[in-house]
Amino acid sequence: MTAIVLDGKTMAQEIENELLERIGILATLGTVPCLAVVIAGNDPASHVYVRNKEAACSRLGVMSIRIDLPESVSQKELMDVVSELNNDEKIHGILVQSPLPKGLDEFEVTESISPEKDVDGFHPSNLGRLVMGLDGGFLPCTPAGIMEIIERSGTVTSGKSSVVLGRSRIVGMPLSLMLAMKGVDSTVTVVHSKSVEPREICKAADILVSAVGVPGIVKADWIKEGATVIDVGINRVLDNSKKSGSRIIGDVDEGAWGVAGRMTPVPGGVGPMTIAMLMKNTVISAERKS
Ligand code: NAP
């Protein structure tokens with residue numbers, strides 16, 4: 001068996017096309033969605049992520065404002081910037097790029113973003129709404145993008161067994177809630193670094209999602225024949241055949257393509273969907289305001 005490719009790039013393009021229509025309607029009401037991105041320090045990967053987000057904004061005609069802060073920025077200076085953005089009527093979404101420079105309290109910064117502008121979906125109020133099954137908040141972008149892949153690919157979830165590897169605040173934990181929520185109705189197991197016999201647990205999954213950050217941790221013999229496999233991992237490994245000397249691979253070993261029924265590639269799977277969901281949240285925020 002060779003797994004069907006769950007093409008995140010194409011699905012993200014579909015979502016962008018849907019958003020273009022909604023942005024057109026907003027324009028007739030005199031509203032242009034606007035995303036503010038704050039980046040502190042010089043982490044090269046963070047700068048690439050921010051550029052990708054800016055490129056998505058420009059494709060869609062979403063206004064983007066970028067605020068570059070030095071590595072030496074203080075907690076107070078950063079919080080003051082967020083406070084200004086909270087009070088700026090024309091801004092619909094605020095994103096503070098992670099990781100922050102050493103010494104800064106990321107949780108305090110997240111908490112200071114107005115929940116109505118928290119398009120990353122990490123504010124405790126938005127995560128709380130997710131736990132309570134309440135609409136009207138923002139869903140975190142990577143798990144929401146994974147749910148879109150599952151939905152758009154016609155993967156049946158009700159009554160199925162889902163296993164999520166990883167329990168982070170940004171991916172694993174919110175995703176496990178989304179997979180278990182009413183209407184999705186899968187039976188969820190969360191695997192983490194203290195789990196015993198992860199291979200046996202994963203092998204029982206109809207839907208297997210890996211968000212660990214260890215290259216190739218999920219082997220072909222961890223996967224049930226025909227399962228849907230979503231690889232969230234982004235791992236840079238050395239590759240001398242590449243001009244850059246490295247390449248990106250996921251958490252799931254290449255051999256899995258011979259066992260899974262459908263699988264996301266890395267790159268080109270979850271990554272583009274994460275950005276599409278950020279755009280979607282920004283448009284939703286603008287719609288709520290207009
Ligand atoms: P994280 O905060 O480091 O969390 C990793 C999780 O994996 C933790 O819950 C950890 O367990 C678990 N883990 C570590 N070693 C394990 C093992 N041997 N067996 C089972 N579980 C293990 O990472 P993250 O932020 O969620 O990101 C995970 C991966 O997804 C990274 O590669 C990241 O780059 C990627 N990512 C991709 C996107 C995208 O858009 N494509 C977005 C976000 C993240 P404990 O809790 O017990 O420590």
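Okay, one cut-off before anything else: a residue counts as exposed when its relative accessible area is over 50%, as buried when that area is under 20%, and as partly exposed in between. With that in hand, take E197. Its relative accessibility is 51%, so E197 counts as exposed. And please keep in mind that what we're looking at is a predicted model.

So, staying with E197 for a second. You'll find E197 in the loop between β6 and α8, the helix covering 198–203. Its backbone is a bit unusual to look at: phi of E197 is near 55°, which is positive, and this isn't a glycine.

There's another residue like that. D185 has a positive phi too, near 65°, and again this is a residue other than glycine. D185 sits in the loop that runs from α7 (172–180) to β6 (187–191). Buried or exposed, or something in between, for D185? Well, the relative accessible area of D185 is 36%, so D185 lands in the partly exposed class.

Okay, cis peptides. If you're setting up restraints you'll want to know where they are. One is the bond from S98 to P99, with omega near 0°. P99 belongs to the loop between β4 (93–96) and α4 (106–112). Another cis bond joins V266 and P267, where omega is about 0°. That proline, P267, is in the loop between β11 (262–263) and α9 (270–289).

Hold on to P99, please, I'm coming back to that one.

Now the sheet that β4 belongs to. What's the strand order? It goes β3-β2-β4, three strands, an open sheet with parallel pairing. β3 (63–69) and β4 are the edge strands, and each has a single partner, so each has one side with no neighbour in the sheet. On average, neighbouring strands here are turned by 15° against each other, ignoring direction. In general, strands of a sheet pair through backbone hydrogen bonds, and the pairing can be parallel or antiparallel. Here β2, residues 34–40, runs parallel to β4, and four bridges join the two. For one concrete pair, put your cursor on V38: its bridge partner in β4 is V96. Then there's a helix against this sheet. Helix α2, residues 44–60, packs on it and touches β2, β3 and β4, with its direction at about 160° to that of β3.

That brings me to the empty space. The general idea is that you roll a probe the size of a water molecule over the atoms, and that shows where space is left. How many cavities of 30 Å³ or more are there? The count is one. The largest cavity has a volume of about 40 Å³. And here's P99 again: the lining is I39, A40, G41, N42, D43, S46, H47, Q97 and P99. β2 and α2 each give at least two residues to that lining. By class, you get three nonpolar residues, five polar and one charged.

For contrast, let's go to the second largest pocket, at about 580 Å³. The lining there is 23 residues, and D135, L139, A144, M178 and M181 are the ones nearest its centre. Which elements put in two or more residues? Those are α5 (124–132), α6 (141–152) and α9. The largest share comes from α9, with five residues. The classes split as 11 nonpolar, five polar and seven charged.

Next, over to β8, residues 228–231. T228 and I230 point one way, V229 and D231 point the other way, and all of them are buried. That alternation between the two faces is what side chains do in a regular strand. β8 has β7, residues 207–210, as a parallel partner over four bridges, and V209 pairs with I230 in β8. With β11, β8 also pairs in the parallel sense, over two bridges. There T228 stands opposite R262.

Last stop, R169. Where is R169? In the loop between β5 (161–165) and α7. Its relative accessible area is 37%, so R169 is partly exposed. Leaving out residues up to four places away in sequence, R169 touches E106, T110, F122, L127 and P174. And one distance to finish: R169 and G159 are 10 residues apart in sequence, with 25 Å between their C-alpha atoms.

That's my tour, thanks.

Definitions and conventions:
Residues are numbered from 1 along each chain as its sequence is written. This is a predicted model: local features need pLDDT of at least 70, side-chain atom pairs count only at pLDDT 80 or more; totals for chains, interfaces and linings use all residues. Side-chain values use heavy atoms; hydrogens and water are left out. Buried means under 20% relative accessible area, exposed over 50%, partly exposed in between (1.4 Å probe, protein chains only). Two strands pair if DSSP finds at least two bridges between them. Axes are lines fitted to C-alpha atoms, for helices over the stretch in contact, and angles run from 0 to 180 degrees between N-to-C directions. Contact means heavy atoms within 4.5 Å. On a 1 Å grid over the protein atoms alone, a cavity is a set of points where a 1.4 Å probe fits but cannot get out, and a pocket is an open set with protein on both sides within 12 Å along at least five of seven lines; lining residues have an atom within 4 Å of a point. Grid points are joined across faces, edges and corners, and a volume is the space filled by probe spheres set on the points. Ala, Val, Leu, Ile, Met, Phe, Trp, Tyr, Cys and Pro count as nonpolar, Asp, Glu, Lys and Arg as charged, and the others, Gly among them, as polar.
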